[in-house]
Amino acid sequence: MRLSEYYLPILKEDPAEAQITSHRLMLRAGLIRQTSAGIYTWLPIGLRVLRRVEDIVRKEQDAAGAQELLMPTIQSADLWKESGRYDGYGREMLRITDRHEREMLFGPTNEELITDVFRQTVRSYRDLSKILYHIQWKFRDEVRPRFGVMRGREFLMKDSYSFDIDFEGAQRSYNKMFVSYLRTFAKLGLKAIPMQADTGPIGGELSHEFIILAETGESEVYCHKDYLTYDVLMEETNYSEDLSETVKKWTALYAATDEKYNEKKANQLKDKLISARGIEVGHIFYFGTKYSKAMEATITGPGGEIIYPEMGSYGIGVSRLVGAIIEASHDESGIIWPESVAPFQVGLINVRSGDTDCDNASNDLLSKLKNAGLDVLLDDRDERAGSKFATMDLIGLPWQVIIGPRGIKNGYIEIKKRDTGEREDISVDAALSIICG
Ligand code: 5CA
């Protein structure tokens, strides 16, 4: 991709409305633009990141045995009346009336809808266990939408729903999602800690929030220091095996959000206690038969008896994650994308666009990197070198390759790693082999 042709509306100045780093950088680096309070358009470079985050989430869900479907954004109010949540959900729900005066709503979550799909399609205990998920836009009319995509009104969520014939089965599904969440966040370059949490309007008895520590987080959290040294990717995970040991390990130490704060337990930790702010990137719930009973979703058991399936639901804030990753990975010059979600892997900077040697070398390297399967953004604009460097730092691609007249004459180019700032003058071939790694 050539920057001279790419749609990348970056801002030179800090936008006044942004109170936190990720919001400021997402606006400045041309990822998003606000269209109404808490509602955003994802511009091309932002959409690339969102899609990559989505892909990582999807792959780990699939690996854990969850199956993807796609439910609509608009739901019938009748389903929510059946579950008893229609009135309780309050003003956060966007209620809509269609031309036949039927009450509809823009889904804030999908427990009712998936339970309805389930009761229409599943009859026997033999069909369970199942975990179904989708990645779909949600709407919650938040009282205070803020911090950009962190607390939006329209936001992208991955939500999974599990159905099992008994508690043991539900526990296994819960454990699968628990471990898949640890692995998903680690693959995104984040350290997410599972914490005991309140179940709120979703209901149920068992629930964990997955929290990453960040100064700008909205929740007050407390946890054992040792969690920061845990690394789930060091362990082999086989989702068809019993995962309870892994879950035990990640829940044995104290970790809780302020709603579940326990002064006595926290005090016992003494200097092992971290008290910090955190961003909730995922939330999982086990709520048993709450929805299957309320909505009469039944199946028949081995002896012909009626069973109300045991359910759980499991959410990841996909659009929030883009902001959360930036909160965790930036410096004063801009974003530092982890390789796994970067919109392009390489930013090529042609220091002197219009100079035949520089243009030829840039075009040549662009096609070589593309042939190697990399996504590359070439800055071929007629701009000062300083402004090109600043743009590349701002948009945060993992590798920068700088092509200038002096280097070309002497047979080298410069590569720079965005995260460490390390620079090196090397030959084109050496650069290719380092970047293609
Ligand atoms: N039905 C359950 C699980 S599927 C549910 O809705 N859980 S939730 O309310 O906790 O939302 C799941 C995740 O969505 C949260 O952990 C958070 O990361 C994200 N999220 C929630 N509200 C917002 C919002 N207003 N803006 C951005 N992300 C949000």
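Two strands are taken as paired if DSSP finds at least two bridges between them. The exercises below concern a predicted model.

**Exercise 1. State the strand order and the pairing of the five-strand open sheet, and explain which strands stand at its edges.**

Step 1. The order of the five strands is β20-β19-β21-β22-β23, and their pairing is mixed.

Step 2. The edge positions belong to β20 (376–379) and β23 (423–426). Each has a single partner strand, so one side of each is left without a neighbour in the sheet.

Step 3. From one strand to the next, the twist averages 20°.

Step 4. Within this sheet, strand β19 (residues 346–350) and strand β21 (residues 399–403) run parallel and are joined by five bridges. L348 is found opposite V401 in β21.

Step 5. Helix α12 (residues 385–395) packs on the sheet and touches β19, β20, β21 and β22 (413–417). The direction of α12 makes about 175° with that of β19.

**Exercise 2. Describe the open sheet that contains β4, β5 and β6, and explain which strands stand at its edges.**

Step 1. Three strands make up this open sheet, in the order β4-β6-β5, with antiparallel pairing.

Step 2. β4 (74–76) and β5 (94–97) occupy the edges. Because each has a single partner strand, one side of each lacks a neighbour in the sheet.

Step 3. With direction ignored, neighbouring strands of this sheet are turned by 40° against each other on average.

Step 4. Three bridges pair β4 with strand β6 (residues 103–106) in the antiparallel sense. S76 stands opposite M104 in β6.

**Exercise 3. Classify the packing of α2 against α10 as roughly parallel or roughly perpendicular, and identify the residues that meet.**

Step 1. The axes of helix α2 (residues 44–63) and helix α10 (residues 318–328) come within 9 Å of each other and cross at roughly 110°.

Step 2. Angles of 65 to 115 degrees count as roughly perpendicular. The two helices, α2 and α10, are therefore roughly perpendicular to each other.

Step 3. The handedness of the α2 and α10 crossing is right-handed.

Step 4. On the α2 side, the residues are V49, L50, V53 and E54; they meet V318, S319, L321, V322 and I325 in α10. Sorted by class, this contact of α2 with α10 has seven nonpolar, one polar and one charged residues.

**Exercise 4. Characterise the packing of α2 against α6 by angle, handedness and residue class.**

Step 1. α2 and helix α6 (residues 167–187) pack at an angle of about 150°, and their axes are 9 Å apart.

Step 2. The crossing of α2 and α6 is right-handed.

Step 3. I56, V57, E60 and Q61 in α2 meet a set of α6 residues consisting of M177, S180, Y181, R183, T184 and K187. By class, the contact of α2 with α6 includes four nonpolar, three polar and three charged residues.

**Exercise 5. Determine whether α11 and α14 are roughly parallel or roughly perpendicular, and describe their contact.**

Step 1. Helix α11 (residues 356–371) and helix α14 (residues 428–436) have axes that come within 11 Å and cross at roughly 30°.

Step 2. Angles under 35 degrees count as roughly parallel. Accordingly, α11 and α14 are roughly parallel to each other.

Step 3. α11 passes α14 in a right-handed crossing.

Step 4. In α11, the residues L365, K368 and L369 meet V428, L432 and I435 in α14. The class count for the contact of α11 with α14 is five nonpolar, no polar and one charged residues.

**Exercise 6. Give the domain division of the chain and the number of residues that each domain contributes to the contact.**

Step 1. The chain is divided into domain 1 (21–335) and domain 2 (346–436).

Step 2. The C-alpha centres of domain 1 and domain 2 lie 40 Å apart.

Step 3. Nine residues from domain 1 and six residues from domain 2 take part in the contact.

**Exercise 7. Locate the cis peptide bond and the positive phi of K270, and place S129 and K270 in their loops.**

Step 1. Most residues other than glycine have a negative phi, and most peptide bonds are trans.

Step 2. L128 and S129 are joined by a cis peptide bond, with omega about 15°. The loop holding S129 lies between α5 (111–121) and β7 (130–139).

Step 3. K270, a residue other than glycine, has a positive phi near 50°. K270 lies in the loop between α8 (263–269) and β13 (273–288).

Technical notes:
Residues numbered from 1 in each chain as written. Predicted model: local features only at pLDDT ≥ 70, side-chain atom pairs only at ≥ 80, totals over all residues. Heavy atoms only, no water. Helix = DSSP H or I, 4+ residues; strand = E, 2+ residues; numbered from the N terminus. Axes fitted to C-alpha atoms, helices over the stretch in contact; angles between N-to-C directions. Parallel < 35°, antiparallel > 145°, perpendicular 65-115°, else oblique. Left-handed = near helix turned anticlockwise from the far one by under 90°. Contact = heavy atoms within 4.5 Å. Nonpolar A, V, L, I, M, F, W, Y, C, P; charged D, E, K, R; others polar. Domains from an automatic or database assignment.
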